[in-house]
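Here are a few short exercises on how two chains meet, each with a worked solution. Have the sequence and the model open as you go.

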Protein chains: 2
Amino acid sequence: MQSTIHAGSARTLFLDAPAVARLIAGKGLQQCIAGIAEAIRADFLRWPDFVKSPRSASHCPQGVIELMPVSDATLFGFKYVNGHPGNLRFGLPTVMAFGVLAEMKTGMPLLLCDLTLPTALRTAAMSALAAVDLARKDSRVMALIGNGAQSEFQALAFRDLVGIDELRLYDIDPAATRKLMRNLEGSGLRMHACAGIAEAVRGADIVTTVTADKRNATIVSDDMLAPGMHINAVGGDCPGKTELSPAVLAAASVFVEYAPQTRIEGDIQQMPADFPVTEIWQVLAGAQPGRRHDKEITVFDSVGFALEDYSALRFLHAAALETDAGEEISLVGTAGDPRDLFASLGLAARPGLVAA
Amino acid sequence: MQSTIHAGSARTLFLDAPAVARLIAGKGLQQCIAGIAEAIRADFLRWPDFVKSPRSASHCPQGVIELMPVSDATLFGFKYVNGHPGNLRFGLPTVMAFGVLAEMKTGMPLLLCDLTLPTALRTAAMSALAAVDLARKDSRVMALIGNGAQSEFQALAFRDLVGIDELRLYDIDPAATRKLMRNLEGSGLRMHACAGIAEAVRGADIVTTVTADKRNATIVSDDMLAPGMHINAVGGDCPGKTELSPAVLAAASVFVEYAPQTRIEGDIQQMPADFPVTEIWQVLAGAQPGRRHDKEITVFDSVGFALEDYSALRFLHAAALETDAGEEISLVGTAGDPRDLFASLGLAARPGLVAA
């Protein structure tokens with residue numbers, strides 16, 4: 001039997017978690033956040049080209065497992081991601097992810113890749129990209145509420161893309177804040193550990209909330225608001241998990257990634273179904289205004305949308321090919337004559353396996 | 001930094017396509033089809049325990065890519081699968097698939113596995129399982145229309161689970177029929193190559209259609225029907241792709257896997273939204289009758305449901321652990337302190353990478 005596979009078309013490139021970390025460290029974290037932000041911008045500018053749907057979510061008492069697909073005429077991408085706040089007791093991260101990029105014209109998976117670390121990068125890149133149009137241009141001070149696994153990436157993305165130079169930090173676990181301050185030593189960011197949320201928020205131009213509890217919490221209430229503030233609400237991202245009080249949302253102009261999904265998962269799940277929101281792609285494309293004046297309060301109600309992962313997968317695929325990273329695997333069966341799946345079993349020489 | 005990972009909980013078992021073929025050949029194809037059928041029966045008997053949804057499908061002119069998730073309180077499973085009828089010109093199979101089984105309580109992926117070959121086994125197992133209750137008990141002769149990659153598995157499943165001993169074969173490509181007859185030499189099945197569909201169907205107790213064209217075709221029309229016939233319609237499985245004429249459906253008692261999905265994808269997409277169907281799990285559970293009398297015409301309008309893949313993944317996972325097959329991979333990032341994703345980059349020693 002002769003193989004009829006075209007070289008290079010029938011194998012999947014695999015980047016396991018260590019390979020992804022090496023790729024990002026090697027290319028430079030700063031460069032990767034910027035590169036993913038550029039990929040997101042480019043993809044969001046052609047928003048109507050994509051087939052979009054709210055992600056599918058499987059809930060259980062301990063957490064959620066989600067599948068996030070998106071496609072255009074050329075590529076299909078999806079991410080598998082979980083959210084299990086109690087995972088630390090098993091020594092596992094609360095969020096773990098992997099993704100696949102596939103060719104639409106054949107269905108062949110081109111790339112299989114850990115997305116645990118890239119999810120943090122793309123979330124931070126998306127947040128900062130939105131803040132460029134939604135925060136005041138003179139923003140320099142950011143409150144960062146929740147200093148867990150994602151927080152350093154938010155800090156660096158806002159430093160590089162928005163011009164933040166000072167962080168006001170708070171976490172219910174002081175050890176998390178100490179970890180963040182240790183990790184960002186040498187980053188050029190001035191950092192202050194604060195005793196509470198109100199103290200951290202006071203005087204901040206931007207407030208980023210990235211907390212993990214799976215419940216309706218009020219991290220930011222309306223008495224903490226100041227005119228001109230931008231709120232980057234990242235942690236309210238599934239039904240029953242919110243961070244902002246309804247009064248904060250009512251006082252603000254609210255921007256979202258993909259409205260049908262955010263109405264299910266975002267902080268606006270607390271608001272009526274016709275609560276007005278603007279999709280951020282329209283702002284990036286110049287079709288809708290972002291911030292309109294210096295006193296306006298803006299909220300980016302971010303839940304994470306499949307297109308951001310598609311952009312991250314595109315970026316990682318190009319970076320891996322450039323640097324020869326990863327290894328080729330046989331993720332799907334393509335060997336031998338594609339019309340003869342049965343032959344791939346190699347049973348011909350062992351008729352006893354087949355006979356009744 | 002000390003690893004806090006529990007041994008065995010943070011790695012994913014990976015079975016690539018050759019490992020899956022070896023596992024199935026080693027265990028025996030017959031044993032695997034029977035084992036998967038038993039797993040499907042066990043899971044379908046606890047149908048209400050599962051969170052179910054129609055699969056998500058991304059269509060393009062050349063084909064479709066689908067994600068098929070399902071979960072119960074313990075396990076989450078999903079399959080990635082494509083259908084691209086023109087793939088042979090790229091030397092690729094028309095259908096390729098892989099799947100993941102994950103733990104609900106942590107979201108950790110336990111198994112990543114090629115499902116190209118297992119998809120053929122589980123489809124055949126499901127068809128035969130349904131036919132046990134839907135075909136006449138004295139069925140011995142099966143027409144097999146479409147002799148492509150899936151056909152041998154259908155033939156063997158019906159031999160072993162239903163008692164078929166004679167096949168009447170037809171394919172628009174005579175080479176496909178020759179391939180099937182060659183592959184099933186020594187199987188004990190009597191085989192006849194027929195000149196057309198009508199000839200193949202004449203005298204058959206069961207008619208299995210497993211054709212691949214992505215269009216509305218009429219493989220079986222009502223003039224071919226005989227009293228007491230069972231039709232196992234496998235190839236009509238996405239919008240615009242059907243195999244049976246509406247008159248065949250109107251004349252028959254129709255059974256499906258999961259009605260909300262089959263009304264979109266199955267042959268019954270041609271019928272009104274309230275066309276009566278019975279979900280096969282109710283027949284397996286004894287809550288609804290299957291075949292009611294010897295003259296009844298029955299149709300199993302099979303499109304393939306996520307739970308069948310979940311059952312196949314369960315079977316393969318157990319078989320792999322039993323035989324020590326596959327290898328462990330770091331599919332998702334779990335190394336190091338799960339609260340400190342940033343540290344996994346190993347940037348501490350290279351502050352230049354972080355500084356602005």
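**Exercise 1.** Find how many residue pairs are in polar contact between chain A and chain B.

*Solution.* Start with the rule: a polar contact is a pair of N or O atoms within 3.5 Å, where within protein one must be able to donate a hydrogen and the other to accept it, and residues adjacent in sequence count only if both atoms are side-chain atoms. Counting pairs with both residues at pLDDT 80 or more gives 21. Next, sort the side of chain A that touches chain B by class: 47 residues are nonpolar, 25 polar and 13 charged. Here Ala, Val, Leu, Ile, Met, Phe, Trp, Tyr, Cys and Pro count as nonpolar, Asp, Glu, Lys and Arg as charged, and the others, Gly among them, as polar.

This is a predicted model, in which local features need pLDDT (the predictor's confidence in each residue, from 0 to 100) of at least 70, side-chain atom pairs count only at pLDDT 80 or more, and totals for chains, interfaces and linings use all residues. Residues are numbered from 1 along each chain as its sequence is written, chains are lettered from A and ligands numbered from 1 in the order in which they are written, and side-chain values use heavy atoms, with hydrogens and water left out.

**Exercise 2.** Work out which relation links chain A and chain B.

*Solution.* Superpose the copies by least squares on the C-alpha atoms of residues with pLDDT of at least 70 in both. A rotation of 180° with 0.0 Å of shift along its axis brings chain A onto chain B, with RMSD 0.0 Å. That is the relation of a two-fold axis. Finally, locate A:Leu67, whose C-alpha comes closest to the rotation axis among the residues of chain A, at 4.1 Å.
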